[in-house]
Amino acid sequence: MEHGDRPGPGPGAMAQRGTGPDFRYHRGDQFPREYRGRQYVVDDWRTHHLSQPPRGYHWVQYGGDYLLIAITTGVIASILLNQ
């Protein structure tokens with residue numbers, strides 16, 4: 001393996017796609033504050049065919065994906081990938 005190459009998942013391991021254009025965020029990660037601003041929050045969640053967020057959460061659009069984010073901590077509770 002050359003310098004800078006990363007090994008893929010081992011045999012039997014299932015690689016999980018992350019969210020957004022860079023595929024880097026997963027459920028349980030803390031989403032960066034700069035992407036939690038009002039311009040990313042999806043207030044019209046019905047129009048986007050999303051469920052109503054529980055109290056203390058809101059939907060955020062990141063690339064073509066939707067993330068259910070805890071408002072106070074930024075922890076990703078759920079992800080809907082644009083397949």
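In which strand does His-58 lie? In this predicted model, His-58 belongs to strand β1, and this residue offers a convenient point of entry into the structure.

The protein as a whole may be described before the details. The chain has 83 residues, of which 29% count as buried. Its secondary structure comprises 0 helices and 3 strands, and the elements follow one another from the N terminus as β-β-β. The accessible surface amounts to about 6,200 Å², and carbon and sulfur atoms hold 49% of that area. Among the contacts with a separation of 6 or more, 40% join residues that stand 24 or more positions apart.

The strands are arranged in an open sheet, with the order β1-β2-β3 and antiparallel pairing. The edges of this sheet are formed by β1 and β3 (76–80), each of which pairs on one side only. On average, neighbouring strands in the sheet are turned by 25° against each other, when direction is ignored. Between β2 and β3, the antiparallel pairing extends over 4 bridges. Within this part of the sheet, Ile-69 is found opposite Ile-76 of β3.

Both of these isoleucines also appear in the largest nonpolar core, which consists of 8 residues: Tyr-25, Phe-31, Val-41, Val-60, Tyr-62, Leu-67, Ile-69 and Ile-76. Two elements, β1 (57–62) and β2 (65–70), give two or more residues to this core. Another core, of 6 residues, lies apart from it and includes Val-42, Trp-45, Trp-59 and Tyr-66.

Leu-67, a member of the largest core, illustrates how distant parts of the sequence meet. Setting aside residues up to four places away in sequence, Leu-67 touches Thr-19, Phe-31, His-58, Trp-59, Val-60, Tyr-62, Ile-76, Ser-78 and Ile-79. Among these partners, Phe-31, Val-60, Tyr-62 and Ile-76 are listed in the largest core as well, whereas Trp-59 is assigned to the other core.

The account now returns to His-58. Is this residue buried or exposed? The relative accessible area of His-58 is 13%, and because buried means under 20%, His-58 is classed as buried. With residues up to four places away in sequence again left out, His-58 touches Val-41, Pro-53, Leu-67, Leu-68, Ile-69 and Ile-71. Of these neighbours, Val-41, Leu-67 and Ile-69 are members of the largest nonpolar core. His-58 is thus a buried residue of strand β1 in contact with residues of that core.

Definitions and conventions. Residues numbered from 1 in each chain as written. Predicted model: local features only at pLDDT ≥ 70, side-chain atom pairs only at ≥ 80, totals over all residues. Heavy atoms only, no water. Core = buried A, V, L, I, M, F, W, Y, C linked by side-chain atoms within 4.5 Å. Buried < 20%, exposed > 50% of the residue type's maximum accessible area, 1.4 Å probe, protein only. Contact = heavy atoms within 4.5 Å. Pairing = 2+ DSSP bridges. Axes fitted to C-alpha atoms, helices over the stretch in contact; angles between N-to-C directions. Areas by Shrake-Rupley, 256 points an atom, 1.4 Å probe, with all protein chains shown as cover.
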